[in-house]
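Colleague: I am new to this structure. Could you help me learn to read it?

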Number of protein chains: 2
Amino acid sequence: MDIATSPLALPFPAMPEIEGVTLRVARAGYKDWGRCDLTYVELAEGTSVAGVFTKNVCCSSEVELGREQVKAGRARALVVNAGNSNAFTGYRGREAVEQIMAQVAANLGCTPTQVFVSSTGVIGVPLPKDRARAGLDAAFAAAECSWRDAADTIGTTDTFAKGAMARAVVDGKTVTLCGIIKGSGMIAPDMATMLGYIFTDAAAEPGFLQQCLSTANLATFSCITVDSDTSTSDTVLAFATGKAGNAPLSSFDSPGADAFAAALNDVCRQLAHLVVRDGEGAQKFIEVRVTGAVSDESAHRIGLAIANSPLVKTAIAGEDANWGRVVMAVGKAGEPADRDKLSIGFGGVWAAREGLPLADYDEAPVAQHLKGREITIEVDIGLGDGRATVWTCDLTHGYISINADYRS
Amino acid sequence: MDIATSPLALPFPAMPEIEGVTLRVARAGYKDWGRCDLTYVELAEGTSVAGVFTKNVCCSSEVELGREQVKAGRARALVVNAGNSNAFTGYRGREAVEQIMAQVAANLGCTPTQVFVSSTGVIGVPLPKDRARAGLDAAFAAAECSWRDAADTIGTTDTFAKGAMARAVVDGKTVTLCGIIKGSGMIAPDMATMLGYIFTDAAAEPGFLQQCLSTANLATFSCITVDSDTSTSDTVLAFATGKAGNAPLSSFDSPGADAFAAALNDVCRQLAHLVVRDGEGAQKFIEVRVTGAVSDESAHRIGLAIANSPLVKTAIAGEDANWGRVVMAVGKAGEPADRDKLSIGFGGVWAAREGLPLADYDEAPVAQHLKGREITIEVDIGLGDGRATVWTCDLTHGYISINADYRS
């Protein structure tokens, strides 16, 4: 099945090299496809690492191991396998990951726990060790490649390559952050898996890097949803090589810490949005802004209830300003809300205020807004100061075609 | 848009009259359609009532009032409006309900709080009082009608009429239970609303009737899902006229109480299944059986996570034995589970046991099972004795067509 490029795709940005980061790709042949499917990233000695991982309790060995590895805070390499997620493969899957870690460690002269591995693709099939071994040998010998090559190689059924960058001035030095990510295009009987990697030449202690990544994650990756199904393999890792020469960032008291955290958040937000823009079957990018909730956390849960509602998502697909479905989604979120204080709008125009449809509601600008590609839904709960923004895409025939009109 | 009758439809059963229950229907003209849309049920004096209602906090005035009314335990009438849900209509919507209650009370010589009202259909439009008044007057003057007529009249875009009956011997008397329900066919920009009504000639105290209904609800209506979106108007009411002449059931110590409770549960289960069978776009009826969870409640939540997963539901639509998506759904449920103890099967054949795909897995009988209309998914968590069964339908292009290929 051919999937057309998402109408919400953005061009791959110009992204500079990051000193201390060397990118290579190779063909391991995890699937029968004529493309590179193994990404090997070498990182300078002393590189800090931080990570956030899926909360799915049926996670892959890669996630289990990665979660332990980040605690030591140092990384020398990243390997990403595309075409096989190695999830639900028991001890055999774990052996394959450990083999990759050992092979890279021997090549670089580092400890295996400094080698991070991710895999994405079909589940229930142990990653073939022989292909992984030969693929890695080919990667070791390969020429360096571009960010675009790496972004293409980590993808599975993504319809476009996804990258983002930002800069910040830290301790008088300009530091650069580059990130790549893969999202949720799925034509094999697999789980959509989000894998994201951010690289910077900034010097940052692992604890601070983790703090920044965890904070950014809450406002970016944790605020997107395509279909409410949480993958077993979701992983975002941040690597800081320290080559920019700034005094290492160790806390928010360090000079430039705020600027760095903001730049990291910016890259995470860009990457998160790109994943939504390549959501399965997506025709519209939807921003849900919730204000007036009893807390930010409550606003976040209400926002996700709206963004995950099949009836809201199909209404947007149908360009229908169906605020009644938004009311329903607010009401089912399980959070404090009062029907008679609730206001709902689209594209900056209120359709209902304080529990009643507006008598002078002008649907023409709303209808125009819903014809576009970028949709906003505004919800004011009317109870407090809590606010949150989440992002999703619409639910279309494309989603059904990708996930149902296919037999394994 | 014409929606074909669900391929999962069942014929309307033969249902006897219930002494003390008089059914009438009329045309209020809530929508511009050539059919009856107001159902009026007169109940004998002394009829007990019990109810369960949506937990959606943005519920309709009908639900708010009904929740209060059942506390008194007595009912003389039921009015069901189809074509307008009267939800999110503020004080004007509430006035319309109170007018209906007063008009029926005057007609019957009862108190208004003994008149129960439900509405289903478009939201955000106050129920027109003039049409309600004229419709009720027509209903008062109408001839008695059949269960089938009433089941047709409470429906909105349901593709078939839904009824169920059961009998039990209580205190030496045969009592009869008849139920009708409407479900989730939706071609207007409305919320799917489940309204169910069960009538029996048994004599039962309101407290005991409520206890039986609440218990049955947990095992039936609370175990079905079409699309995870909870309506603002869901209501199930049970009425007991007492005309069978048994000594009134007041607790599970009363003779025949167990038989009555079982019969009520049976009717509720039949009605719940009928709603799933008319789920929007449904092509397959799916039973999810969860065993081995740490508790029944945990099993229930895991079952709903599976039944609500778009990726599981599209896989079944595609007749794809994609147990990996079931693993994912178990893992995201937020309940205790251990990937390496998990077993997944379809139609009684295990595909994966204790965290690994079965080496000798024979996919042929599973593929055959998935081609059918009635699908079972078996999940054993491997941790305890908790078990639950939930029911849903597949997610198809029909769901998208009904909910997105339509403009308000």
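**Reading the sheet**

Modeller: Gladly! Tyr197(A) has Leu237(A) of β10(A) as its bridge partner. This is a predicted model, where local features need pLDDT of at least 70, side-chain atom pairs count only at pLDDT 80 or more, and totals for chains, interfaces and linings use all residues. Residues are numbered from 1 along each chain as its sequence is written, with chains lettered from A and ligands numbered from 1 in the order in which they are written.

Colleague: In which sense do β8 and β10 of chain A pair?

Modeller: Strands of a sheet pair through backbone hydrogen bonds, either parallel or antiparallel. Here β8 (residues 195–200) and β10 (residues 235–240) of chain A are parallel, over six bridges. Pairing requires at least two DSSP bridges between two strands; strands are DSSP runs (E, at least two residues), helices are runs of H or I (at least four), and both are numbered from the N terminus.

Colleague: What is the strand order of the open sheet in chain A?

Modeller: The five strands run β3-β10-β8-β7-β6 (chain A), with mixed pairing. At the edges, β3 (48–53) and β6 (162–170) of chain A each have a single partner strand, so one side of each lacks a neighbour in the sheet.

Colleague: Which residues have the most contacts inside the largest nonpolar core?

Modeller: In soluble globular proteins, nonpolar side chains tend to be buried together. This core has 280 residues, and those with the most contacts inside it include Phe260(A) and Phe260(B); the others are Leu264(A), Val330(A), Leu264(B) and Val330(B). A nonpolar core joins buried Ala, Val, Leu, Ile, Met, Phe, Trp, Tyr and Cys residues through C-beta atoms within 7 Å. Buried means 20 or more other C-beta atoms within 10 Å of a residue's own, exposed 12 or fewer, partly exposed in between, with C-beta atoms placed from the backbone. Buried residues make up 60% of the 408 residues in chain A.
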